Amino acid sequence: MKDKPRLSFWQIWNMSFGFLGIQYGFGLQQANMSPIFRYLNADESAIPILWLAGPVTGLLVQPVIGAMSDRTWSQRWGRRKPYFLVGAIITSFALVMMPNSSALWMAASLMWLLDAGLNITMEPFRAFIGDKLNVQQRNLGFAVQSFFVGFGQTLANLMPFILPVFGIAMAATGANLIPDFVKYSFYIGAIAILVAVFWTMYTTTEYPPENMEEFERMKQEKSGVFHAFTEVFDAFRHMPATMKQLWWVKFFTWYGLPLMWQYLSLAVARHAFNAPDAISNPTGFAEGLKWSNLCFALFNVGCFGISFLLPPIAARMGRRSTHAVFLTIGGLGFLSMLFSPDKYIFLVGMTLVGLAWGSIMSMPYVMLSTSVPKERMGVYMGLFNGFIVVPQIINNMTIEFLYKTLLNNDPRNALALCGVCLILAAGACFLVKESRQSEEAAFPIGAGGH
């Protein structure tokens with residue numbers, strides 16, 4: 001179909017609804033995995049290496065799955081739907097098992113499985129926008145996905161406050177000391193991703209390839225994982241110049257940001273609730289986990305709220321300067337947490353970080369979807385995500401060596417380092433050439449994702 005028909009708002013809503021379950025799962029992971037590792041006696045300095053699963057699976061799985069789904073077509077199942085289903089089943093299994101981990105190695109293994117499932121499901125949803133929507137409606141498509149990013153993650157973060165209303169206690173009932181509200185949040189997530197993905201699969205049809213003969217020829221020539229890797233490498237060799245110019249912006253941003261997910265919950269528990277671990281003060285540690293979930297909820301609210309104001313701000317200031325300003329605001333938000341151990345300082349700081357996240361989430365998905373060949377939509381979406389996760393891998397491999405020296409064994413100092421990294425990223429924005437094309441490629445004001 002060379003001219004894709006306009007879809008109604010509810011058709012776009014339905015085709016993106018599976019994203020809600022995916023982002024609920026990401027929200028659970030981001031707020032709860034470091035405390036779960038600590039419940040299972042992980043050393044704080046080793047927390048980053050335990051998070052290695054996320055960026056590695058993102059780097060490998062998303063572009064490969066994207067390339068493979070580009071070469072998939074079934075009259076019954078379509079192109080992207082088989083990957084939605086497989087990823088949702090893997091994710092659901094990992095979510096059920098994770099809070100029942102009996103040892104650190106089990107939780108770490110399930111982390112790899114969880115991230116693989118989430119990435120298998122997420123990448124085809126990105127490509128789905130280019131498959132289904134004409135150019136004029138892609139902004140709306142990414143906007144709806146961005147809404148589900150904020151709503152799904154915020155809902156996951158608020159579960160510690162919602163579940164007690166239904167009688168789910170804070171206390172742990174199992175041998176691993178993990179509170180019941182964490183366990184039930186994960187169980188709900190396992191159901192949510194299956195229901196959300198099944199809804200999208202049931203309500204949405206996929207278009208067949210425009211030229212079936214050409215598609216079948218390309219499918220035979222480039223089928224399988226090996227050819228998927230070959231295609232990813234070829235796309236990497238032809239990387240747009242703007243992506244190269246953005247390297248230092250992305251490097252500092254994504255070297256720092258993992259520290260937020262790794263250490264925020266631990267910093268809140270230690271400094272606001274006097275609970276450095278779950279053994280010495282189990283009640284305080286659980287309260288710290290609950291409060292950090294609220295911090296993440298305000299973080300997502302800040303992101304969602306600023307998204308509506310970014311276009312007029314960027315129109316006045318310019319996109320590059322706008323991104324630099326909001327990165328600086330996020331950096332100051334992290335640094336402000338050093339000023340007081342009061343629990344509310346973490347809420348204020350994370351709200352400011354949420355404003356920065358709104359800008360960080362304005363990735364060039366729309367630009368990418370309109371500038372690459374339609375038949376390679378998946379691989380380019382996946383490759384761009386891989387470009388982001390390389391700094392995260394470097395973070396996971398190096399922070400353990402910095403934690404006991406530069407960071408003085410204090411998770412709050414890790415958050416301060418994240419703030420410094422965001423300010424350095426703000427400075428690196430001005431390394432991007434000031435042409436209109438590079439500005440639009442670097443900082444489009446539209447919906448992104450996670």
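Trainee: Why is Ser 359 called buried?

Mentor: Its relative accessible area is 7%. Buried means under 20%, so Ser 359 qualifies. Bear in mind that this is a predicted model.

Trainee: Where is Ser 359 found, and what does Ser 359 touch?

Mentor: Ser 359 sits in helix H17, residues 343-360. Leaving aside residues up to four places away in sequence, it touches Leu 310, His 323 and Phe 326.

Trainee: Turn to the helices. What makes H2 roughly antiparallel to H8?

Mentor: The angle. H2 (residues 18-39) and H8 (residues 180-203) pack at about 160°. Angles over 145 degrees count as roughly antiparallel, so the term applies to H2 and H8. Their axes are 7 Å apart, and H2 passes H8 in a left-handed crossing.

Trainee: Which residues of H2 and H8 meet?

Mentor: From H2, they include Gly 18, Gly 21, Leu 28 and Ile 36. From H8, Ser 185, Phe 186, Gly 189 and Ala 192 are among them. The contact residues divide into eleven nonpolar, six polar and no charged.

Trainee: Now the rings. How many aromatic pairs does the structure hold?

Mentor: It holds 22.

Trainee: Why is the pair of Trp 10 and Trp 13 called edge-to-face?

Mentor: Two values decide. The ring centres are 5.5 Å apart, and the limit for a pair is 6.5 Å. The planes stand at 65°. Over 60 degrees counts as edge-to-face, so the pair takes that name. Both residues lie in helix H1 (residues 9-16), three residues apart, about one turn of the helix.

Trainee: What makes Trp 10 exposed and Trp 13 partly exposed?

Mentor: Trp 10 has 56% relative accessibility. Exposed means over 50%, so Trp 10 counts as exposed. Trp 13 has 22%. Partly exposed lies between the 20% and 50% cut-offs, so Trp 13 is partly exposed.

Trainee: How do you know that Phe 147 and Phe 304 form an edge-to-face pair?

Mentor: Apply the ring test again. Their centres are 5.9 Å apart, with planes at 65°. The cut-offs are within 6.5 Å and over 60 degrees, so this pair is edge-to-face. It links distant parts of the chain: Phe 147 is in helix H7 and Phe 304 in helix H14, 157 residues apart.

Trainee: Why is Phe 147 called partly exposed?

Mentor: Its relative accessible area is 27%. That falls between 20% and 50%, so the label is partly exposed. Phe 304, at 35%, is partly exposed too.

Trainee: Which residues do ring pairs link into a cluster?

Mentor: Phe 9, Trp 10, Trp 13, Phe 17, Phe 147, Phe 148, Phe 151 and Phe 304.

Note on methods
Residues numbered from 1 in each chain as written. Predicted model: local features only at pLDDT ≥ 70, side-chain atom pairs only at ≥ 80, totals over all residues. Heavy atoms only, no water. Axes fitted to C-alpha atoms, helices over the stretch in contact; angles between N-to-C directions. Helix = DSSP H or I, 4+ residues; strand = E, 2+ residues; numbered from the N terminus. Parallel < 35°, antiparallel > 145°, perpendicular 65-115°, else oblique. Left-handed = near helix turned anticlockwise from the far one by under 90°. Contact = heavy atoms within 4.5 Å. Nonpolar A, V, L, I, M, F, W, Y, C, P; charged D, E, K, R; others polar. Phe/Tyr/Trp six-rings, centres within 6.5 Å; stacked < 30°, edge-to-face > 60°. Buried < 20%, exposed > 50% of the residue type's maximum accessible area, 1.4 Å probe, protein only.
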